[in-house]
Amino acid sequence: MGSVILTGFMGTGKSSVGRLLARLTGWEFLDVDAQVVKSAGRSINDLFAQEGETFFRALETAELLNLVGRSDRLIIATGGGAVLDPGNRILFKKLGLVVNLTASPDLIRFRLRHSDDRPLLNDGAAREKIGLMLRDREPCYADADIRIDTAGKKIEDVAAEIMAFLKTRGSMWND
Ligand code: S3P
């Protein structure tokens, strides 16, 4: 199927880039975290605090499964941990092109310095913790069609790189 799936750690810009990419392509934007919050009627912080991460992951996978059979041409921003489930990664490949956004631990820490809605980092988003999580998750993020380093780039630059990549996949773009 012909959608674009954005993966990457928290703070790599998946939602901002995804929204812009949707405008540039005219495709529909979908944020999986936002869908989880909408379906559950609860915030991500609440879900983690009251039900735990496993429960949240099950809701996340359920939202991803809902996308199968939906129209092509979606720009899908996934939550940073959605790649951890091998089944989810298989699903991403079925849905379309997987674009992984990257950033260093320092940059992620800086971008998330005012964020209070990332339960896994709410204890201060320590550089060491981000580094360890990135290292553990690296093979999952590497499982992508293209990886784009977002350091020193504006949202517009990253979106333009993805557009250029999509155009190299002409069949997906034109049909
Ligand atoms: C998570 C990332 C978050 C959200 C949840 C867990 C993670 O999404 O799904 O807090 O495990 O990396 P963003 O990457 O959109 O912040």
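1. The shell around the ligand holds residues of three kinds: 6 are nonpolar, 3 are polar and 6 are charged. Glycine is counted with the polar residues here. The model is a predicted one, and the points below should be read with that in mind.

2. In this model the ligand is surrounded by 15 residues. Lys14, Asp33, Arg57, Arg118 and Arg137 are the closest of them. A residue belongs to this group if one of its heavy atoms lies within 4 Å of the ligand.

3. Which parts of the protein hold the ligand's oxygen atoms at short distance? For aspartate 33, a polar side-chain atom is 2.7 Å from an oxygen atom of the ligand. For arginine 57, an N or O atom of the side chain is also found 2.7 Å from a ligand oxygen. Glycine 81 takes part through its backbone, where a polar atom lies 3.2 Å from an oxygen atom of the ligand. The cut-off for a polar contact is 3.5 Å between N or O atoms. The ligand on its own would expose 390 Å², and the protein buries 95% of this area.

4. The ligand takes up the space of the largest pocket. Two elements each give two or more residues to the shell around the ligand: helix H3 (44–51) and helix H4 (53–67). The largest share comes from H4, with 3 residues.

5. As for the whole chain, the protein has 9 helices and 5 strands. Read from the N terminus, their order is β-α-β-α-α-α-β-α-β-α-α-β-α-α.

6. What radius of gyration does the protein have? The value is 15 Å, which agrees with the figure near 16 Å for a compact globule of 175 residues. Along the principal axes, the C-alpha atoms fill a box of roughly 45 × 35 × 25 Å.

Conventions: Residues are numbered from 1 along each chain as its sequence is written. This is a predicted model: local features need pLDDT of at least 70, side-chain atom pairs count only at pLDDT 80 or more; totals for chains, interfaces and linings use all residues. Side-chain values use heavy atoms; hydrogens and water are left out. A polar contact is a pair of N or O atoms within 3.5 Å; within protein, one must be able to donate a hydrogen and the other to accept it, and residues adjacent in sequence count only if both atoms are side-chain atoms. Accessible areas come from the Shrake-Rupley method with a 1.4 Å probe; for residues, only the protein chains shown count as cover. On a 1 Å grid over the protein atoms alone, a cavity is a set of points where a 1.4 Å probe fits but cannot get out, and a pocket is an open set with protein on both sides within 12 Å along at least five of seven lines; lining residues have an atom within 4 Å of a point. A molecule sits in a cavity or pocket if more than half of its atoms lie within 2 Å of its grid points. Helices (H or I, at least four residues) and strands (E, at least two) are DSSP runs, numbered from the N terminus. The radius of gyration is taken over C-alpha atoms; the globule rule is 2.2 Å times the number of residues to the power 0.38.
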